[in-house]
Amino acid sequence: VTHSGLENNDDEDGNDEKGSALTLRLSQLFKEAKVDEKVLPADIKEAFLAGRVGVEVIMNFLLAFKAPASRLLMSASTMMRDRLLMNPVFLRTLAIEIGVGVGATVFAQAQQRGEKFREQIDFVIADLSIVVAANIA
């Protein structure tokens with residue numbers, strides 16, 4: 001409150017201008033990407049407008065949203081969505097880790113089980129599922 005008894009709104013005006021600029025920038029990004037702004041989850045939009053996340057996160061969202069596989073993962077789990085937003089090559093990295101893990105596991109199981117590999121395929125599949133789950137987590 002100032003001496004005249006009126007509230008000092010300088011900070012609020014500055015925040016309003018900043019919020020308007022961020023809202024405009026957000027709209028521009030979605031327009032350039034030819035994606036409807038309504039697909040952006042409310043929590044991400046709120047974090048961007050509050051300055052908690054930057055333009056990179058919005059750009060990563062737009063890139064991930066355009067790919068069907070990552071769009072599906074983002075809609076299925078907020079954990080996967082957040083990992084994709086922070087690391088745009090997450091799916092590629094995950095695929096490599098799973099591929100190497102599955103290959104190494106199959107090779108080790110084949111060496112260990114020898115002739116009984118096909119008979120004990122259920123144990124091999126159980127091992128493989130653990131490898132995949134561990135890589136995803």
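Asn60 touches Leu84, Leu85 and Pro88, leaving aside residues up to four places away in sequence. The structure is a predicted model, and Asn60 lies within its helix α3, which spans residues 55-66. This briefing follows the surroundings of that residue, then the packing of helix α5 against two other helices, and finally the confidence of the prediction.

**Asn60 and its surroundings**

- Asn60 has a relative accessibility of 14% and is classed as buried, because buried means under 20%.
- Between Asn60 and Val89 the C-alpha to C-alpha distance is 9.8 Å, although the two are 29 residues apart in sequence.
- Two of the residues touched by Asn60, Leu84 and Leu85, also appear on the α5 side of the contact between α3 and α5.

**Helix α3 against helix α5**

- The axes of α3 and α5 cross at roughly 115° and come within 8 Å.
- The two helices are therefore roughly perpendicular to each other, a class that covers angles of 65 to 115 degrees.
- The crossing in which α3 passes α5 is right-handed.
- On the α3 side, Val57, Asn60 and Phe61 take part, and they meet Leu84, Leu85 and Met86 of α5.
- This contact of α3 with α5 comprises 5 nonpolar residues and 1 polar residue, with no charged residues.

**Helix α4 against helix α5**

- Helix α4 (residues 68-76) packs on helix α5 (residues 78-86) at an angle of about 130°, and their axes are 6 Å apart.
- That angle makes α4 oblique to α5.
- Ser70, Leu73 and Met74 of α4 form one side of the contact, while Met80, Arg81, Leu84 and Leu85 of α5 form the other.
- By class, the residues in the contact of α4 with α5 are 5 nonpolar, 1 polar and 1 charged.
- Leu84 and Leu85 of α5 are listed in the contact with α4 and also in the contact with α3.

**Confidence of the prediction**

- The protein chain has a mean pLDDT of 84, and 88% of its residues reach 70 or more.
- Among the elements of the chain, helix α6 (residues 90-113) has the highest mean pLDDT, 92, and helix α1 (residues 10-33) the lowest, 76.
- Over residues 1-13 the pLDDT stays under 50, and for this stretch the model has 3 contacts beyond four places in sequence.

Technical notes
Residues numbered from 1 in each chain as written. Predicted model: local features only at pLDDT ≥ 70, side-chain atom pairs only at ≥ 80, totals over all residues. Heavy atoms only, no water. Axes fitted to C-alpha atoms, helices over the stretch in contact; angles between N-to-C directions. Helix = DSSP H or I, 4+ residues; strand = E, 2+ residues; numbered from the N terminus. Parallel < 35°, antiparallel > 145°, perpendicular 65-115°, else oblique. Contact = heavy atoms within 4.5 Å. Nonpolar A, V, L, I, M, F, W, Y, C, P; charged D, E, K, R; others polar. Buried < 20%, exposed > 50% of the residue type's maximum accessible area, 1.4 Å probe, protein only. Left-handed = near helix turned anticlockwise from the far one by under 90°. pLDDT = per-residue confidence, 0-100.
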